[in-house]
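Open your viewer, load the model and get your selection box ready. We will go from stop to stop, with something to pick at each one.

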Amino acid sequence: MVSLCVLGFLVLAVLIGPLVWTVPIDEIDFSKRLQGPSWEHPLGTDDLGQDLLARILYGGRISLAVGFAAMAVAILVGVIVGAIAGMAGGRVDAALMWLTDLFLSLPELPLLLLIIYLFRDSLVGIVGPEMGVFILIVLIIGGFRWMPVARLVRAQFFSLREKEFVEAARALGATRTRLVMVHILPNSLGPVLVAATIDIAAAIIAESTLSFLGLGFPPDIPTWGRLLFDAKDNLDFAPHWAIFPGLAIFLTVLSINFVGDGLRDAFDPRRVK
Amino acid sequence: MTEETLRDLIGRVKRGSLSRRGFVKRVAALGLTAPMATQLLAVTGAAPAAAQSVPAYAPARRGGGALRILYWQASTLLNPHFAVGTTNQDSSRVFYEPLAGWATDGTLHPILAAEIPSVENGGLSPDGRSVTWKLKRGVKWHDGQDFSADDVVFTAEYSRNPAVGATTSGSYQGLNVVKVDDHTVRVEFERPTPFWADAFVATAGVIIPRHLFANFNGPNSRDAPTNLRPVGTGAYRFVSFAPGDTLRAEANPNYHLPNRPFFDTVEIKGGGDAVSAARAVLQTADFDYAWNLQVEDEILQRLEATGRGRVNIVEGGNVEFIQLNTTDPNVEVNGERSSITTQHPAFRDPAVRQAMALLVDRESISRFIYGRGGPATPNFLNNPPRFRSPNMRMEFNVARANEILDRAGWARGQGGIRQKDGVRLRFVFQTSVNAPRQRTQQIIRQAAQRAGIEIELKTVTASVFFSSDVANPDTFTKFYADMQMYTTTMTQADPQRFMNQYVSWEISSRANSWQGRNVVRWRNEEYDRIFREAEGELDPVKRAALFIRMNDLIVGSNHIIPIVQRPLVSASLNNLRPVLSAWDSTMWLLSDWWREA
């Protein structure tokens with residue numbers, strides 16, 4: 001419950017915050033560089049004298065959006081693949097698991113470089129630099145994180161479809177779709193939700209890896225990963241610069257994990273009240 | 001001739017921007033006799049006397065213990081003629097030596113040569129067509145064999161043999177090396193060559209032993225065991241080497257200079273990153289010396305404040321600068337972008353280029369980002385001082401940039417972006433991934449925004465940006481962007497190779513696989529002409545004037561905007577006395593390094 005509040009607060013803050021805290025994110029002021037927190041700059045400033053609160057709020061929108069969207073892509077693909085494999089069995093299962101293994105064995109980074117090299121310019125031309133990179137990153141991160149989910153779902157399906165309550169439903173004449181949607185899928189979602197929450201964190205971090213390699217968002221867009229990256233060399237004398245974005249990532253990931261835990265408990269039909 | 005001009009000339013001789021010979025020539029042309037002119041110099045204290053370009057070596061004995069050096073990029077090979085990149089060149093230089101090296105004031109310092117050739121000692125022919133090197137006697141290779149003129153002649157043959165594939169081959173073209181006797185070698189040039197100190201000098205000039213490489217002077221050159229177990233003439237000899245990790249050496253007991261080397265052993269450890277290397281010397285004192293600290297000065301200053309070590313700053317010719325593309329990166333001509341048949345739609349207007357130059361806040365970039373590691377400069381050619389132009393100015397003035405653009409007819413349109421005849425002032429600005437560069441990008445972007453110019457920032461990881469990969473569109477030599485920024489390095493104390501970056505025959509294009517050095521693709525007939533002139537000009541004063549004119553032409557076009565000089569920054573412990581040079585390898589005079597008690 002507390003974590004839901006924290007998460008809600010963070011989401012609200014990044015959505016509404018920039019409307020309330022209207023300091024520009026890229027106002028350079030050398031006379032105010034590397035200042036600690038003050039009333040004028042509640043979270044201090046970076047080495048160009050830019051206000052960190054404004055940057056964290058703005059960057060949070062991007063980081064959270066990337067995290068959630070990439071998670072959604074990964075879960076969607078993973079559940080579909082896992083469910084089909086788990087229900088169909090036989091050749092379809094084998095083929096889908098080969099596909100999963102194939103994706104798992106692909107070297108992520110070289111492929112990323114290739115995809116960005118091939119599609120970045122055309123996509124940026126269509127929807128602009130910020131949106132183009134956003135779509136690419138979400139698809140790439142999502143597209144490389146669904147394999148564990150798929151395996152998880154498949155394993156759950158294998159064990160659940162032999163359980164007595166599924167047997168009972170089948171004996172009562174439930175269709176295959178109904179079996180999956182009503183009986184098996186909800187019961188298999190517990191671990192998936194936990195995996196999903198981990199995925200959000202992984203996506204936020206993957207985005208910062210890309211920025212690190214110069215492949216993510218343009219360097220003037222302050223995502224949380226980029227803020228941390230910029231701050232790391234100044235850690236011992238401007239700790240506020242790294243602490244606040246780090247804290248934001250930490251709180252987000254932690255609260256999402258707790259929310260995931262709570263959701264699992266709530267969804268678990270077998271839980272004894 | 002007024003007294004004032006005379007005093008001015010003498011002043012220039014004292015500062016080193018005019019040679020004594022040049023002075024005598026000029027004064028003679030004005031009616032004074034040569035002996036009178038030299039008298040004048042002697043009287044005013046600008047006579048040769050003790051031009052000490054290398055600090056005195058104090059230790060009276062050896063046995064200085066261990067020297068630990070940290071390179072955050074590790075070396076992989078110890079053959080100086082195969083070395084790509086500074087790390088391999090530096091590691092090889094621990095063992096091998098050239099005939100002469102470049103001291104940091106841009107003068108030559110003899111190492112395996114007995115003296116520096118000059119017209120006075122008969123080493124240089126007055127027509128600039130040959131150089132005679134006298135070799136030091138009694139020098140031995142680490143395996144006990146004698147060093148002789150045969151080794152020098154062999155080094156040239158080896159380096160320019162295409163089957164060997166040496167990276168230094170460029171320094172041995174268009175010349176002929178003749179053995180005069182066992183300790184004399186003459187280099188004969190096909191054309192009069194004012195810059196004669198390339199072959200056998202500094203990084204490209206290290207001499208290798210003929211008796212060990214003679215069997216590998218061909219396609220099997222890469223199989224030579226000495227590529228990994230070097231046998232040189234240097235102050236330290238080989239102990240062990242783990243490529244990509246650690247190199248160990250010990251003092252050479254038979255070194256050809258007295259009391260040297262000071263240290264018993266040398267260890268060069270590779271790996272890590274620049275910031276942790278700085279910490280390992282300045283904060284924890286685990287190492288004696290750390291190389292090439294591309295770190296924000298703010299961090300270095302705070303580390304230095306702990307008082308254990310200091311930061312060495314050696315000024316050279318490297319310069320960080322912005323290029324404004326002369327060609328259009330968004331139009332494909334026969335499948336080639338940024339083709340020289342096109343013109344950049346916005347930058348072809350001098351007003352836009354002038355405005356861009358006014359929008360670069362060099363003072364702030366230098367003060368707040370690079371600190372001691374980057375003094376602001378209006379010039380592309382900054383060093384040695386006699387080549388520095390006094391004519392260029394730098395100014396940061398957003399209001400004037402706006403005024404210039406208004407006057408040139410670039411009116412503000414949608415979103416406050418200026419446009420004219422359907423061309424919007426919207427540029428892609430690329431550079432490599434590097435914290436200070438991203439800071440600089442942001443500062444320029446903000447200033448440009450205030451002048452109605454929108455800049456999209458792009459960063460490319462350094463290993464791609466600086467690679468010569470023909471298939472990759474993001475390399476700096478392809479320049480598929482409107483603007484880009486990087487540091488160009490000046491590796492010799494003579495600007496000839498540095499300034500060929502703007503001659504028309506060096507233009508980077510598909511025809512030369514983007515290997516041309518003129519990346520901005522600028523063309524100017526006057527520049528080409530005076531560059532050719534400088535190549536054959538033997539009078540040092542006139543030659544310097546030609547290079548200054550070249551600097552003024554390219555900088556005045558505003559197609560390039562110099563930002564800051566990039567001196568070499570390294571760290572050493574307080575008691576270490578390294579001898580560094582901006583014009584040669586870090587290890588160029590390792591024999592003279594010592595430690596105070």
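Helices (H or I, at least four residues) and strands (E, at least two) are DSSP runs, numbered from the N terminus. By that rule, chain A has 10 helices and zero strands. This is a predicted model, in which local features need pLDDT of at least 70 and side-chain atom pairs count only at pLDDT 80 or more, while totals for chains, interfaces and linings use all residues. Residues are numbered from 1 along each chain as its sequence is written, and chains are lettered from A and ligands numbered from 1 in the order in which they are written.

**Stop 1: chain A**

Select chain A and show its C-alpha trace, which spans about 75 × 50 × 35 Å along its principal axes. Of its 273 residues, 38% count as buried (20 or more other C-beta atoms within 10 Å of the residue's own; exposed means 12 or fewer, partly exposed is in between, and C-beta atoms are placed from the backbone). For contacts in chain A with a separation of 6 or more, 68% come from residues 24 or more positions apart; two residues are in contact if their C-beta atoms, placed from the backbone, lie within 7 Å.

Now pick A:146-160, helix α6 of chain A. How far apart are its end C-alpha atoms? They are 21 Å apart, which agrees with the 21 Å that 15 residues should span at 1.5 Å a residue (the expected span is 1.5 Å times one less than the number of residues). The buried residues of α6(A) include A:Trp146, A:Arg151, A:Arg154 and A:Phe157.

**Stop 2: where the chains touch**

Show both chains: 22 residues of chain B are in contact with 16 residues of chain A. On the chain B side, α8 (297-304), α10 (362-370), α12 (435-450) and β17 (454-460) each supply at least two residues. Which element gives the largest share? That is α12(B), with eight residues. The chain B residues that touch chain A divide into eight nonpolar, seven polar and seven charged (Ala, Val, Leu, Ile, Met, Phe, Trp, Tyr, Cys and Pro count as nonpolar, Asp, Glu, Lys and Arg as charged, and the others, Gly among them, as polar).

Keep α10(B) and α12(B) selected. Their axes come within 11 Å and cross at roughly 145° (axes are lines fitted to C-alpha atoms, for helices over the stretch in contact, and angles run from 0 to 180 degrees between N-to-C directions). Show side chains for B:Ser364, B:Ile365, B:Ile369 and B:Tyr370 in α10(B), which meet B:Pro436, B:Arg439, B:Thr440 and B:Ile443 in α12(B). This contact is made up of five nonpolar, two polar and one charged residue.

**Stop 3: a three-stranded sheet**

Stay in chain B and select β4, β5 and β6. These strands form an open, antiparallel sheet in the order β4-β6-β5 (two strands pair if DSSP finds at least two bridges between them). β4 (130-134) and β5 (175-181) of chain B each have a single partner strand, so one side of each is left without a neighbour in the sheet. From one strand to the next, the twist averages 20°. Add α5(B), residues 149-160: this helix packs on the sheet, touching β5 and β6 of chain B, and its direction makes about 170° with that of β5(B). For a cross-strand pair, pick B:Ser130, which stands opposite B:Glu188 in β6(B).

**Stop 4: a hairpin and the next strand**

Select B:236-241 and B:246-251, which are β7(B) and β8(B); they pair in the antiparallel sense over five bridges. The hairpin has four residues between the strands, and there B:Gly244 takes a positive phi near 80°. Next, click B:Ala249 in β8(B): B:Phe238 is its bridge partner, and B:Ala249 also stands opposite B:Val266 in β9(B).

**Stop 5: an enclosed strand**

Finish at B:568-573, strand β20(B). Is this strand enclosed or open? Six of its six residues are buried, so β20(B) is largely enclosed by the rest of the structure. Colour its two sides: B:Leu568, B:Ser570 and B:Ser572 lie on one, B:Val569, B:Ala571 and B:Leu573 on the other. β11(B), residues 309-314, pairs with β20(B) in the antiparallel sense over six bridges, with B:Val314 partnering B:Leu568. β10(B), residues 289-290, pairs with β20(B) over two bridges, and there B:Tyr289 stands opposite B:Ser572.
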